Amino acid sequence: MLEPLVDTDGAPFWRYAARGELRVQTCAGCGEPRFPPRPCCPHCRSFASEWTRTSGRGRIWSYVVPHPPLLPDYAEHAPYHVVLVELAEAPGIRLVGNLVPEAGAPLGSLPPGRLRIGARVQAVFDGGGSSPCPPQWVLERP
Ligand code: ZN
């Protein structure tokens, strides 16, 4: 499986994710959340920011079920669910992730019929490994 590339601006996101927290970078000047992380606020151009903890709740904004041909690291997991989740506290921010029945479950272990645009989801983290752990998503009402 390909691992996330951790850069300087995004490093706090991954540190919080390792603790099971979904946080977004927020401008300390105007309060606007932004993603992906970057040094300057696109709204007020402030360089001051903080990391705001979210509830981890959101809604499926869109999804796709990839099938081969895929990159070799992904082909063995297909078909699986890739969701685009709009965060409850920051509707302008949409995160890409996998929809699974529970944290750490194999990709594609959720029946495809469960996917629905607008479904409420919750971020979960499988912190068992040593590599950066992206959030996964579970349905609030399985
Ligand atoms: Zn700002």
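The donor residues of the zinc ion follow the spacing C-x2-C-x10-C-x2-C in sequence. Two of these donors, Cys-30 and Cys-44, link distant parts of the chain: Cys-30 sits in the loop between β1 (23-27) and β2 (33-34), Cys-44 in the loop between β2 and β3 (49-53), and 14 residues separate them. The model is predicted. Beyond the metal site, the topics below are the pairing of strands β4, β5 and β6 and two nonpolar cores.

**Zinc site**

- Coordination of the zinc ion comes from the SG atoms of Cys-27, Cys-30, Cys-41 and Cys-44, at 2.3 Å.
- The arrangement is tetrahedral because the four donor atoms subtend angles of 101 to 116° around the zinc ion; the criterion for four donors is that all angles lie between 85 and 135 degrees.
- Cys-30 has a relative accessibility of 37%, so this residue counts as partly exposed.
- Cys-44, with a relative accessible area of 36%, is also partly exposed.
- Both values fall in the class between buried, which means under 20%, and exposed, which means over 50%.

**Strand pairing**

- Strand β4 covers residues 57-64 and strand β5 residues 82-87; the two pair in the antiparallel sense, with six bridges.
- Within this pairing, Arg-59 has Glu-86 in β5 as its bridge partner.
- Strand β5 is also joined to strand β6 (residues 94-98), by five bridges, and these two strands run antiparallel.
- Opposite Val-82 stands Asn-98 in β6.
- The connection from β5 to β6 is a hairpin of six residues.

**Nonpolar cores**

- The largest nonpolar core has 24 residues, and those touching the most other members are Leu-22, Ile-60, Val-83, Leu-87, Leu-99, Val-121 and Trp-137.
- Two or more residues of this core come from each of α1 (11-18), β5, β7 (120-124) and β8 (136-139).
- The element contributing the most to this core is α1, which gives four residues.
- Another core lies apart from this one; it has seven residues, including Tyr-80, Val-100, Ala-105 and Leu-107.
- In soluble globular proteins, nonpolar side chains tend to be buried together.

**Contacts of Ile-60**

- Ile-60 is among the core residues that touch the most other members.
- With neighbours within four places in sequence left aside, Ile-60 is in contact with Val-83, Leu-84, Leu-99, Leu-115, Arg-116, Ile-117, Gly-118, Ala-119 and Val-121.
- Val-83, Leu-99 and Val-121 appear both in this contact list and among the core residues that touch the most other members.

Definitions and conventions
Residues numbered from 1 in each chain as written. Predicted model: local features only at pLDDT ≥ 70, side-chain atom pairs only at ≥ 80, totals over all residues. Heavy atoms only, no water. Donors = N, O, S within 2.8 Å, 3.2 Å for Na, K, Ca; no water. Tetrahedral: all angles 85-135°; square planar, octahedral: opposite > 155°, others 65-115°. Buried < 20%, exposed > 50% of the residue type's maximum accessible area, 1.4 Å probe, protein only. Pairing = 2+ DSSP bridges. Core = buried A, V, L, I, M, F, W, Y, C linked by side-chain atoms within 4.5 Å. Contact = heavy atoms within 4.5 Å.
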